[in-house]
Amino acid sequence: MSSIQQNIELITSQIKSAEQKCGRARDSVQLLAVSKTKPNQAILEAAQAGHQLFGENYVQEGVDKVQFFNQNHPELAIEWHFIGPIQSNKTRHVAEHFAWVHTIDRAKTAQRLNDQRPEGMPPLQVLLQVNTSGESSKSGLDAEQVFELAELISRLPNLKLRGLMSIPANVTDYDSQLAAFTELAALKDRLHALYPSVDTLSMGMSGDMEAAIEAGSTIVRIGTAIFGARDYANKS
Ligand SMILES: *Cc1c(COP(=O)(O)O)cnc(C)c1O
């Protein structure tokens, strides 16, 4: 068994025990393997071991990978998630190649993704990126902006609003992690009451996965613990 495959099995079992520990249903949390900067070969190993959800952060790199696997390994049926910042001049590539986008935080981006989604593809599944309290990053919406943008997206036929995503501040104590995730989960519940298609919370990474799962995460995003450390030397 390859080490990538072993890592995925280890994380999957950690997810299972976290689900069990806090009384969540089995398989209610999905693992998104974050493969940014990693070669196709690494993705292939994971996919041939049965893993299907992959996340990419950089548009051009992501598009190259999607095209490679569509052409050479359609049987692996990979579901591609875009989880990086989106500049509005790059929306077309995202609309044409990805199944999910986790990082919508502007009306303009949503509108362009809708307009550029090719006919015949299913609606793009979208999450709004939220800035929970205490978050250091400047990107992400506050609660009021979430409802405004959700209203717009609910009227766009080629986008399907599925929920919320956050990248919380890098805190290590469990209670602070849990507090930030619980806030996001409460916001998702309010949104779900208005938009029944909302069922997804993309939250939790290597250092805060357990707290995210306790708070109700449905997708955890893990890169390094699966593929090893990243080398950014070739990234501009
Ligand atoms: C890179 C990245 C991850 C994965 O981070 P690791 O530390 O490698 O596990 C998760 N979410 C987002 C948005 C990322 O950009």
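**Exercise 1. Find how many salt bridges this predicted model holds, and work out where Glu61 and Lys65 stand among them.**

Counting a side-chain nitrogen of Lys or Arg within 4 Å of a carboxyl oxygen of Asp or Glu, one arrives at 7 salt bridges in this model, which is a predicted one. Turning to one of these pairs, the side chains of Glu61 and Lys65 form a salt bridge with an N to O distance of 2.6 Å. Both residues belong to helix H3, where they are 4 residues apart, or about one turn of the helix. Glu61 and Lys65 are both buried.

**Exercise 2. Decide whether Glu151 and Arg155, which share a salt bridge, are buried, partly exposed or exposed.**

The side chains of Glu151 and Arg155 meet at 2.9 Å, N to O. The cut-offs needed here are under 20% relative accessible area for buried and over 50% for exposed, with partly exposed in between. Glu151 has a relative accessibility of 36% and therefore counts as partly exposed, whereas Arg155, at 55%, counts as exposed.

**Exercise 3. Locate the two partners of the salt bridge between Asp199 and Arg162, and state how each is covered.**

The N to O distance in this salt bridge is 3.0 Å. The pair links distant parts of the chain, since Asp199 sits in the loop between helix H7 (174–194) and strand E7 (200–202), while Arg162 sits in strand E6 (residues 159–165), 37 residues apart. Asp199 is partly exposed because its relative accessible area is 36%, and Arg162 is buried because its value is 17%. As for shared partners, one network of salt bridges joins Glu56, Glu61 and Lys65.

**Exercise 4. Name the buried residues of helix H2 and the elements that cover them.**

Helix H2 spans residues 40–48, and its buried residues include Ala42, Ile43, Leu44, Ala46 and Ala47. Their cover includes helices H1 (3–21), H3 (59–72) and H9 (224–227), together with strands E2 (53–56) and E3 (79–82). After H2 comes Gly50, which has a positive phi near 110°.

**Exercise 5. Describe the surroundings of the ligand, beginning with the residues that come nearest.**

Of the 13 residues around the ligand, the nearest are Lys36, Asn57, Gly223, Thr224 and Arg230. By kind, the shell divides into 6 nonpolar, 4 polar and 3 charged residues. A polar side-chain atom of Arg221 lies 2.9 Å from a ligand nitrogen atom, a backbone N or O atom of Gly223 lies 2.8 Å from a ligand oxygen atom, and a polar side-chain atom of Thr224 lies 2.6 Å from an oxygen atom of the ligand. Taken alone, the ligand exposes 390 Å², of which the protein buries 87%.

How values were computed
Residues numbered from 1 in each chain as written. Predicted model: local features only at pLDDT ≥ 70, side-chain atom pairs only at ≥ 80, totals over all residues. Heavy atoms only, no water. Near = heavy atom within 4 Å. Polar contact = N/O pair within 3.5 Å; in protein donor to acceptor, adjacent residues only side chain to side chain. Areas by Shrake-Rupley, 256 points an atom, 1.4 Å probe, with all protein chains shown as cover. Nonpolar A, V, L, I, M, F, W, Y, C, P; charged D, E, K, R; others polar. Buried < 20%, exposed > 50% of the residue type's maximum accessible area, 1.4 Å probe, protein only. Helix = DSSP H or I, 4+ residues; strand = E, 2+ residues; numbered from the N terminus. Contact = heavy atoms within 4.5 Å.
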